[in-house]
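Welcome! Have a look at the sequence and the 3D view below, and then we will walk through them together, one topic at a time.

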Amino acid sequence: MSWVSRPLNSSIGCKVIMSVTGLLLVGFLLAHLSGNLLVFAGEEAINLYAKTLRDYLPILWLLRIGLIVMAVLHIFSGVKLTRMNSKAKPVKYKVKQSVKASFASRYMGLTGLVVLAFIAYHLAHLTFRFTHPAFQSLGDYDVYKMLMLSFSNPVLAIGYCICVILLMVHLSHGVSSLFQTLGINHKKYNGLIRSIGPALSTLLAIGYLSIPLSILLGFIK
Ligand code: HEM
């Protein structure tokens with residue numbers, strides 16, 4: 001297993017693992033959003049989507065395992081990288097040199113932790129359905145009613161929105177650093193490349209926020 005452990009022992013190896021796994025996790029976010037947006041197409045559409053996923057259970061499990069491996073590698077290499085960085089500069093600066101660092105880059109660890117806690121809650125909420133006893137009486141594929149029951153509660157809807165915004169702050173910086181790590185740059189297009197992270201996270205934020213907000217405000221009934 002040295003092909004896995006070796007990259008994790010160097011700073012650049014950790015950065016590459018973070019970038020590649022981060023990219024695949026963004027792919028999941030895009031796919032998950034396109035499925036969830038079916039809620040705007042109505043009860044039948046989103047419930048059929050949930051049922052179709054279950055009809056291909058072995059493929060679903062393959063994807064789930066891939067997702068878990070990506071998430072574990074992403075977190076592990078992130079923790080390792082932070083440790084290596086703090087070992088490399090053991091003397092704490094008297095004045096924090098963070099003037100140039102953006103808000104997103106300074107709080108990658110914190111926003112990452114919030115995302116992790118959000119995912120744990122989200123799985124308990126909509127996948128395992130532990131948080132709402134009322135879900136137990138719904139059919140297996142009644143994702144539509146689960147979403148309606150959940151996001152008509154302002155605390156839950158706003159809580160989801162806050163977590164989505166923090167995830168997008170995390171992603172905005174992550175995608176920009178990913179290009180740097182993978183050496184994707186071109187004098188002429190650097191401005192464009194730098195704007196991909198913020199643009200992608202803004203689009204994802206609009207998509208993800210639209211669901212709890214539309215239900216809370218009664219646009220979807
Ligand atoms: C706010 C908008 C979101 C909505 C409405 C939503 C909706 C859902 C629903 C309905 C499920 C259960 C699907 C089923 O069992 O058939 C689910 C599962 C899941 N969601 Fe979300 N989600 C949202 C945001 C997110 C975000 C931002 C992430 C990642 C950070 C995420 C990650 C997941 C994961 C990992 C699963 C488990 C997938 C599986 O094992 O099948 N979701 N989501």
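## Helix 6 and what follows

Just after helix 6, Arg129 adopts a positive phi of about 60°. Please keep in mind that this is a predicted model.

Now for helix 6 itself. Its 20 residues should span 28 Å at 1.5 Å a residue, and the end C-alpha atoms lie 27 Å apart, so the two values agree.

## The overall picture

The protein has nine helices and zero strands, so to speak a run of α-α-α-α-α-α-α-α-α when you read along the sequence. Its C-alpha atoms fill a box of roughly 55 × 40 × 35 Å, taken along the principal axes.

Of the 221 residues, 19% are buried. If you look at contacts with a separation of 6 or more, 75% of them come from residues 24 or more positions apart.

## Around the ligand

Which residues are closest to the ligand? They are Ala50, Leu126, Val143, Tyr208 and Ile211, out of 19 residues that surround the ligand. The elements that give two or more residues to this shell are helix 2 (11-36), helix 3 (43-55), helix 6 (108-127), helix 7 (143-151), helix 8 (154-181) and helix 9 (190-216).

Helix 6, which we met above, gives the most to the shell, with six residues. By type, the shell around the ligand holds 14 nonpolar residues, four polar ones and one charged.

## Helix 2 meets helix 4

Two packed helices are described by the angle between their axes and the distance between the axes. For helix 2 and helix 4 (residues 57-88), the axes come within 8 Å and cross at roughly 145°. This crossing of helix 2 and helix 4 is left-handed.

On the helix 2 side, the residues in contact include Cys14, Ile17, Met18, Leu25 and Phe28, while helix 4 brings residues including Leu67, Met70, His74, Leu81 and Met84. The residues of this contact of helix 2 with helix 4 divide into 12 nonpolar, six polar and two charged.

## A closer look at Ser172

Is Ser172, in helix 8, buried or exposed? Ser172 counts as buried because 23 C-beta neighbours lie inside 10 Å, and the cut-off for buried is 20 or more.

Leaving out residues up to four places away in sequence, Ser172 touches Ala104, Gly197, Pro198 and Ser201. Try finding Thr202 as well: Ser172 and Thr202 are 30 residues apart along the chain, and their C-alpha atoms are separated by 8.2 Å.

Notes:
Residues numbered from 1 in each chain as written. Predicted model: local features only at pLDDT ≥ 70, side-chain atom pairs only at ≥ 80, totals over all residues. Near = placed C-beta within 6 Å. Helix = DSSP H or I, 4+ residues; strand = E, 2+ residues; numbered from the N terminus. Nonpolar A, V, L, I, M, F, W, Y, C, P; charged D, E, K, R; others polar. Axes fitted to C-alpha atoms, helices over the stretch in contact; angles between N-to-C directions. Left-handed = near helix turned anticlockwise from the far one by under 90°. Contact = placed C-beta atoms within 7 Å. Expected span 1.5 Å × (residues − 1). Buried ≥ 20, exposed ≤ 12 C-beta atoms within 10 Å, placed from the backbone.
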